[in-house]
Amino acid sequence: MATRTALNNIDLDTVEMTLDIMKYVINRITATDPFLGEIQSEEELFNLVGETITEEGIGGEIALDKWKNILSKACTTIDHPRHLAFVPAAPSRAAVLFDLVVSASCIHGAYWLEGAGGIFAENQAMKWLVSLTGLPEGAFGVFTSGGTAANLSAIVTAREAWRSNKLENQTKKGMILTSVGAHSSIKAMAKVTDAEVILVETEEQMTQQELEQKWAELPSEIKERIFAVVATGGTTNAGIIDDLKGVAKFCQEKKLWFHVDAAYGGGALAADSVRHLFNGIEEADSITIDPHKWLFSPYDCGAVIYKKPELAREAHAQHASYLKIFDDPRAQGFNPSDYQIQLTRRVRGLPLWYSLAMHGTQVYKNAIERGIELAQIAAKKIEQRENLELVREPGLSCVLFRRKGWSAEEYKLWTYENIRKNFAFVTPTQWQSNGKTESVARFCFINPDTTESDIDKILDSME
Ligand SMILES: *Cc1c(COP(=O)(O)O)cnc(C)c1O
């Protein structure tokens with residue numbers, strides 16, 4: 001006699017587990033001053049949690065308790081209003097809840113054939129993103145697992161376009177021109193594609209002149225291997241936007257692919273107060289934007305946008321015989337797998353779609369403007385304090401500043417102390433200028449619920 005598997009029994013335990021988990025989720029997304037998180041070693045965690053995977057199972061209640069009381073607390077609450085380190089996140093409640101719907105719906109987001117409704121909704125959100133860039137008619141994009149995957153998808157597309165342009169490029173190892181301010185994923189993804197990177201030596205804004213200068217220094221056999229320039233639309237460290245108009249002109253003259261990595265800064269395309277800083281982005285061949293950074297989506301959600309999506313399709317489309325079963329024209333539509341590196345994919349743009357549909361784009365604009373405003377407010381407060389000074393004017397929502405007299409070690413101690421007190425997560429960074437590297441303090445504002453009093457309290461902790 002066949003035994004029924006217990007995997008999906010609907011019994012009292014399952015009902016209870018369902019309610020417990022929903023309660024946990026509701027508590028998590030409504031907490032206004034959540035636990036910040038406490039870093040623990042693997043050994044400490046094992047001592048507290050023990051072995052959880054057993055033949056009999058430990059039961060949903062015990063496993064959830066271990067998660068709730070121990071494991072979740074050993075993860076940093078990135079959306080905490082006093083988490084201003086790295087690039088934080090602050091997913092909207094609507095987006096988080098709809099992420100649960102995405103999980104519950106089990107949608108295969110690779111092909112229109114199976115995911116039409118989900119992909120349709122993702123594409124409406126994408127249409128808004130594309131409209132922010134000012135790219136010409138025909139430009140379109142796709143949601144990826146993050147900025148790294150978006151940058152890789154764009155680099156592969158650029159490299160394939162370069163190789164298909166000229167027979168001799170097919171055997172050449174390609175090269176990418178970018179700046180010191182570019183994100184580490186550019187170098188990492190160049191490695192994945194076996195391309196080399198040439199750096200313009202500046203962490204400040206990369207200009208057309210600097211590119212021309214670098215170009216003039218290069219021998220012609222190197223020039224012939226360069227297929228793309230990667231400009232940054234909001235550096236991760238300092239929120240600096242390269243001279244996109246100038247880079248665009250340089251790329252046009254030299255016939256190079258123009259990629260803008262706006263993984264962090266891209267959300268600010270919606271902010272009228274800074275939109276002009278991105279002028280020139282409308283000339284890009286491809287753009288990376290991370291909705292899981294400044295567009296209030298839960299992890300993970302990136303996006304890559306192409307001026308000519310057909311070039312991405314040529315680079316990425318996978319052709320499988322088992323897909324050629326449907327002649328119904330309604331099954332032919334936008335296949336997200338054709339435009340980026342991943343096949344089976346979560347419809348990870350859906351939480352953004354639902355939240356945008358619910359709130360409208362104006363609410364998004366205001367929430368992004370608030371991050372920029374918080375950076376300006378923090379800068380003023382820093383200037384008013386005797387023992388603090390700005391390193392530079394804020395870039396987008398990033399503020400770099402010094403505690404006069406502090407060594408690298410003192411910045412570290414201050415960071416640890418604030419985490420230990422469950423008070424704030426603010427980390428120092430390295431800043432390069434005039435050939436000198438120094439440790440400085442850094443804020444990055446994303447969460448619109450961070451208050452002025454949060455900023456005051458953090459600055460007080462540096463007295
Ligand atoms: C964060 C970031 C990335 C990497 O994005 P992930 O989503 O972490 O993969 C790439 N570029 C820039 C400019 C970033 O800020």
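A pocket, as used in these legends, is an open set of points on a 1 Å grid over the protein atoms alone where a 1.4 Å probe fits, with protein on both sides within 12 Å along at least five of seven lines, and its lining residues have an atom within 4 Å of a point. The model is predicted, so that local features need pLDDT of at least 70 and side-chain atom pairs count only at pLDDT 80 or more, while totals for chains, interfaces and linings use all residues. Residues are numbered from 1 along each chain as its sequence is written.

**View 1. The largest pocket and its lining.** The largest pocket has a volume, taken as the space filled by probe spheres set on the grid points, of about 1300 Å³. Its lining comprises 40 residues, and Arg28, Ile29, Asp79, Pro91 and Val96 lie nearest the centre. Helices (DSSP runs of H or I, at least four residues) that each supply at least two lining residues include α1 (12-30) and α14 (361-384).

**View 2. The second largest pocket.** This pocket, with a volume of about 640 Å³, is lined by 25 residues, of which Asn165, Lys254, Lys255, Leu256 and Trp257 are the closest to its centre. Among the elements that each supply at least two residues of this lining are β4 (226-232) and β5 (257-262), strands being DSSP runs of E with at least two residues.

**View 3. Strand β4 and its partners.** All 7 of the 7 residues of β4 are buried (under 20% relative accessible area, 1.4 Å probe, protein chains only), so the strand is largely enclosed by the rest of the structure. Strands β4 and β5 run parallel and are joined by 5 bridges, with Ala228 partnered by Trp257 in β5.

Note on methods. Side-chain values use heavy atoms; hydrogens and water are left out. Buried means under 20% relative accessible area, exposed over 50%, partly exposed in between (1.4 Å probe, protein chains only). Two strands pair if DSSP finds at least two bridges between them.
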